[in-house]
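The following exercises concern a single protein chain. Each task is followed by a solution that proceeds step by step.

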Amino acid sequence: MPKKQCFKQWRQVSKPPWLTKKSLKIIRLLLKSYQIAFHEPLLNPKLTFNSDFERGKALFAMSHPVMAHDNKNDPCLNYANAAALQLWSRCWEEMIGMPSRLTAPETEQEQRKHALKQASKKHAIKNYQGIRMNSKGELFMIKHARIWTIWDEKDSIFGQAATFAVWQQI
């Protein structure tokens, strides 16, 4: 689906896919798990949110990428905010459900896998950096990334998430 059609389609629906009940649950778990992992909120603490819907809108609009994947053997993305979608040059429908390993070039996937294992053991890591690739094949380096475990309501591992504010084309 061409990018223009993706964005046009979102404007025509009453509830965009990142604000569905399923996505809002992922966002709620992602934000709570980030707070536990790093002892600070992911969203601006000066802002007040009265609902998951408001938090979902704020997370999607953040200036830096936030992504999450499920807890399968070959994890698939289940959340990406607008900054992540733009950086990877994909629309929601292309990104969500995609194996998260495909966010990195094949030559970097082992290094990425190792970092995710470390994050899984420690439940959170800071200052990760690695090479990633967008849908056009363009490479970029992410720096100072945070990766954390997402916990569900029963304290079981739900998946992992990552965010970073620094990246550069290479």
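**Exercises on a predicted model**

K121 is exposed, with a relative accessible area of 64%. The model is a predicted one, and the exercises below are to be read with that in mind.

**Exercise 1.** State where K121 is placed and how far K121 is from T149, in sequence and in space.

*Solution.* Step 1: K121 belongs to helix α6, which covers residues 109-122. Step 2: exposure requires a relative accessible area over 50%, and K121, at 64%, is therefore exposed. Step 3: along the sequence, K121 and T149 are 28 residues apart. Step 4: from C-alpha to C-alpha, the distance between K121 and T149 is 9.2 Å.

**Exercise 2.** Determine which kind of aromatic pair F38 and W148 form, and which parts of the chain this pair ties together.

*Solution.* Step 1: the structure contains nine aromatic pairs. Step 2: in the pair of F38 and W148, the ring centres are 6.1 Å apart and the planes stand at 80 degrees. Step 3: planes over 60 degrees apart count as edge-to-face, so the pair of F38 and W148 is edge-to-face. Step 4: F38 is in helix α2 (residues 21-38) and W148 in strand β4 (residues 139-151), so the pair ties together parts that are 110 residues apart in sequence. Step 5: residues under 20% relative accessible area count as buried. F38, with 7%, is buried, and W148, with 0%, is buried as well. Step 6: F38 also has a charged neighbour, since R146 lies over the face of its ring, at 4.5 Å from the ring centre.

**Exercise 3.** Classify S33 and A37 as buried, exposed or partly exposed, and list the residues that each one touches.

*Solution.* Step 1: S33 is placed in helix α2, and A37 is placed in helix α2. Step 2: S33 has a relative accessibility of 3% and therefore counts as buried. Step 3: A37 has a relative accessible area of 25%; because this value falls between the limits of 20% and 50%, A37 is partly exposed. Step 4: leaving aside residues up to four places away in sequence, S33 touches W148, T149, I150 and W151. Step 5: with the same residues left aside, A37 touches H123, A124 and W148. Step 6: two C-alpha distances complete the picture. A37 and I125 are 88 residues apart along the chain, with 8.7 Å between their C-alpha atoms. S33 and T103 are 70 residues apart along the chain, with 22 Å between their C-alpha atoms.

**Exercise 4.** Describe how α2 and α3 are oriented to each other, and which residues form their contact.

*Solution.* Step 1: helix α3 covers residues 52-61; α2 and α3 pack at an angle of about 80 degrees, and their axes are 9 Å apart. Step 2: angles of 65 to 115 degrees count as roughly perpendicular, and α2 and α3 are therefore roughly perpendicular to each other. Step 3: on the side of α2, the contact involves L24, I27, R28, L30 and L31, which meet D52, F53, R55, G56 and L59 of α3. Step 4: sorted by class, this contact has six nonpolar, one polar and three charged residues. Step 5: the buried residues in α3 are G56, A58, L59 and F60. Step 6: these buried residues pack against α2, β1 (66-69), β2 (77-80), α4 (82-87) and α5. Step 7: F60 also takes part in an aromatic cluster with W18, Y79 and W92.

**Exercise 5.** Identify what is notable about phi in N127 and in H144, and give the strand of each residue.

*Solution.* Step 1: N127 is not a glycine, yet its phi is positive, at about 65 degrees. Step 2: N127 lies in strand β3, residues 124-133, and is exposed, with a relative accessible area of 57%. Step 3: H144, a residue other than glycine, has a positive phi near 55 degrees. Step 4: H144 is found in strand β4.

**Exercise 6.** Locate E94, classify its exposure and give its C-alpha distance to S135.

*Solution.* Step 1: E94 is placed in helix α5 (residues 92-95). Step 2: E94 has 26% relative accessibility and therefore counts as partly exposed. Step 3: E94 and S135 are 41 residues apart along the chain, and their C-alpha atoms are separated by 9.5 Å.

Note on methods:
Residues are numbered from 1 along each chain as its sequence is written. This is a predicted model: local features need pLDDT of at least 70, side-chain atom pairs count only at pLDDT 80 or more; totals for chains, interfaces and linings use all residues. Side-chain values use heavy atoms; hydrogens and water are left out. Rings of Phe, Tyr and Trp (its six-membered ring) pair if their centres lie within 6.5 Å; planes under 30 degrees apart count as stacked, over 60 as edge-to-face and the rest as tilted. Helices (H or I, at least four residues) and strands (E, at least two) are DSSP runs, numbered from the N terminus. Buried means under 20% relative accessible area, exposed over 50%, partly exposed in between (1.4 Å probe, protein chains only). A charge sits over a ring if NZ of Lys or CZ of Arg is within 6 Å of the ring centre and within 35 degrees of the ring normal. Axes are lines fitted to C-alpha atoms, for helices over the stretch in contact, and angles run from 0 to 180 degrees between N-to-C directions. Angles under 35 degrees count as roughly parallel, over 145 as roughly antiparallel, 65 to 115 as roughly perpendicular and the rest as oblique. Contact means heavy atoms within 4.5 Å. Ala, Val, Leu, Ile, Met, Phe, Trp, Tyr, Cys and Pro count as nonpolar, Asp, Glu, Lys and Arg as charged, and the others, Gly among them, as polar.
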